Amino acid sequence: MPAPDPADFPPLRDHHRVVLLQHGGLKGLGGKTGLAMLRYRSGPIVAVVDPEHAGGDLQSLTGVAREVPVVASIEQALGRRPEVAVIGLAPSGGRLSGPLRRDVLAALRHGLCVANGLHTRLADDEEVRASGVPLERIWDLRREPPGLAVAAARAAGLPQRRVLAIGTDMAVGKMSACLEVLAAARRRGVAARFVGTGQAGILISGRGVALDAVRVDYAPGAVEGAVLGTAADLAPDGLVLVEGQGSLCHPGSSATLPLLRGSQPTDLLMVHRAGQTGVDRVPGVAIPPLDVLRSTVEAVAAMAIPAGSTPPGVRALALNTSGLGDTEARAACHRHEDQLGLVCDDPVRHGADRILEALLESQG
């Protein structure tokens, strides 16, 4: 496989045969990158490496209706002719250890490229460098794009609608909500594109910017550049769906502001996990009532936009009901819809057609 062109990054394409390195991550949030790839990647995934679940049925383990064998090591996947090994989980501190490290090194020795979305750059790893593998086969995704500029509200001049997903916490389903809306738009014949801002979104879509790898002063500009590039040849009445990151509610997150400033959204899609009242793993930090948070987000989004622009509003609520049964999930959606006066659905469970309709209606 030829070395990637730095101007054409990430180099993962739909035709590439992917093996997921998912060690222990087929169940739980730690493997959400790989699980998102299994759910949304349109190109081939030929195997999943997970020693803990080797031989298991993927759909039974994950709920994803995709027929992919689960094997114990990279060697057991080689017969399926993979071209790219994707690290599908986020270990503590971004460190490679144990079987995961062994399989990353084995993939490189067997001539595969390795796509790495961890904060720790694989190309800087001493053992990897000592192995003598060509570094052009290592695709470290978390890196600043070239040619960064300070944002200047340039995206506000685009004719397309720009939809930004705003989450009440991290890992509530912002990317999934956008991708489900994208799928609904394409089924309906609406021109739409997705801007990935994290490792999974970039790997799935082949476009975007790793926001948490960009220096803070340039983060809005990096988002702006990604949005402008994505919209460049999109129909004027199309939708640009921007993956959200972090949350205004989280004390460790600063991602929402550069996303708002860089994308200059025309519409906001709020994403929330049903029943969650506090920030996950940060005891004592509450999530405000959704009507309060809605007003706050809209007020912040109304700042730093060009004169004459219409401030964006929250058009719908995407509710993550993965922890509920079917009847409870429907009831939760109805309850939030009544309380907020907004369309509310779980786009993964129920589809995103009603959410898409709410976005399209906002064009009027």
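Colleague: In which loop does Ala-171 lie?

Modeller: The model is predicted: local features need pLDDT of at least 70, side-chain atom pairs count only at pLDDT 80 or more, and totals for chains, interfaces and linings use all residues. Residues are numbered from 1 along each chain as its sequence is written, and side-chain values use heavy atoms, with hydrogens and water left out. Helices (H or I, at least four residues) and strands (E, at least two) are DSSP runs, numbered from the N terminus. On that numbering, Ala-171 lies in the loop between β7 and α6.

Colleague: What is the phi of Ala-171?

Modeller: Ala-171 counts as partly exposed, at 23% relative accessibility; buried means under 20% relative accessible area, exposed over 50%, and partly exposed in between (1.4 Å probe, protein chains only). The residue is not a glycine, yet its phi is positive. The value is near 55 degrees.

Colleague: Leaving aside neighbours within four places in sequence, with which residues is Lys-32 in contact?

Modeller: Lys-32 belongs to helix α1 and is partly exposed, with a relative accessible area of 47%. Contact means heavy atoms within 4.5 Å. Once the neighbours within four places in sequence are set aside, the partners of Lys-32 are Gly-88 and Ala-171.

Colleague: What distance separates the C-alpha atoms of Lys-32 and Ala-200?

Modeller: Along the chain, Lys-32 and Ala-200 are 168 residues apart. In space, their C-alpha atoms are separated by 8.1 Å.

Colleague: How many of the 9 residues of helix α1 are buried?

Modeller: Helix α1 spans residues 32-40 and is largely enclosed by the rest of the structure. Its buried residues are Thr-33, Gly-34, Leu-35, Ala-36, Met-37, Leu-38 and Tyr-40. Of the 9 residues, the number buried is 7.

Colleague: Which strands stand at the edges of the sheet that contains β1?

Modeller: This open sheet has 6 strands in the order β3-β2-β1-β4-β5-β6, with parallel pairing; two strands pair if DSSP finds at least two bridges between them. Each edge strand has a single partner, so one side of each is left without a neighbour in the sheet. These edge strands are β3 (70-71) and β6 (138-140).

Colleague: Which residue in β2 stands opposite Leu-20?

Modeller: Strand β1 (residues 18-21) is joined to β2 by 4 bridges, and the two run parallel. Strand β2 (residues 45-49) has 5 of its 5 residues buried, so it is largely enclosed by the rest of the structure. 4 bridges also join β1 to strand β4 (residues 84-87), where Val-19 stands opposite Ala-85. Opposite Leu-20 in β2 is Val-48.

Colleague: What is the average twist from one strand to the next in the sheet that contains β8?

Modeller: Here 6 strands form an open sheet with parallel pairing, in the order β8-β9-β7-β10-β11-β12. The edge strands, β8 (192-195) and β12 (343-345), each pair on one side only. From one strand to the next, the twist averages 25 degrees.

Colleague: Which residue in β9 is the bridge partner of Val-195?

Modeller: Both faces of β8 are covered, with Ala-192 and Phe-194 buried on one side and Arg-193 and Val-195 buried on the other. β8 runs parallel to strand β9 (residues 239-242), joined by 4 bridges. Arg-193 has Val-240 as its bridge partner, and the bridge partner of Val-195 is Val-242.

Colleague: How are α8 and α9 oriented to each other?

Modeller: The axes of α8 (residues 219-231) and α9 (residues 256-263) come within 7 Å and cross at roughly 45 degrees; axes are lines fitted to C-alpha atoms, for helices over the stretch in contact, and angles run from 0 to 180 degrees between N-to-C directions. Angles under 35 degrees count as roughly parallel, over 145 as roughly antiparallel, 65 to 115 as roughly perpendicular and the rest as oblique. The two helices are therefore oblique.

Colleague: How many nonpolar residues does the contact of α6 with α13 have?

Modeller: Helix α6 (residues 174-188) and helix α13 (residues 353-361) pack at about 75 degrees, with their axes 9 Å apart, and are therefore roughly perpendicular. Val-181, Ala-184, Ala-185, Arg-187 and Arg-188 in α6 meet Asp-353, Ile-355, Leu-356, Glu-357, Leu-359 and Leu-360 in α13. Ala, Val, Leu, Ile, Met, Phe, Trp, Tyr, Cys and Pro count as nonpolar, Asp, Glu, Lys and Arg as charged, and the others, Gly among them, as polar. The contact has no polar residues, 4 charged, and a nonpolar count of 7.
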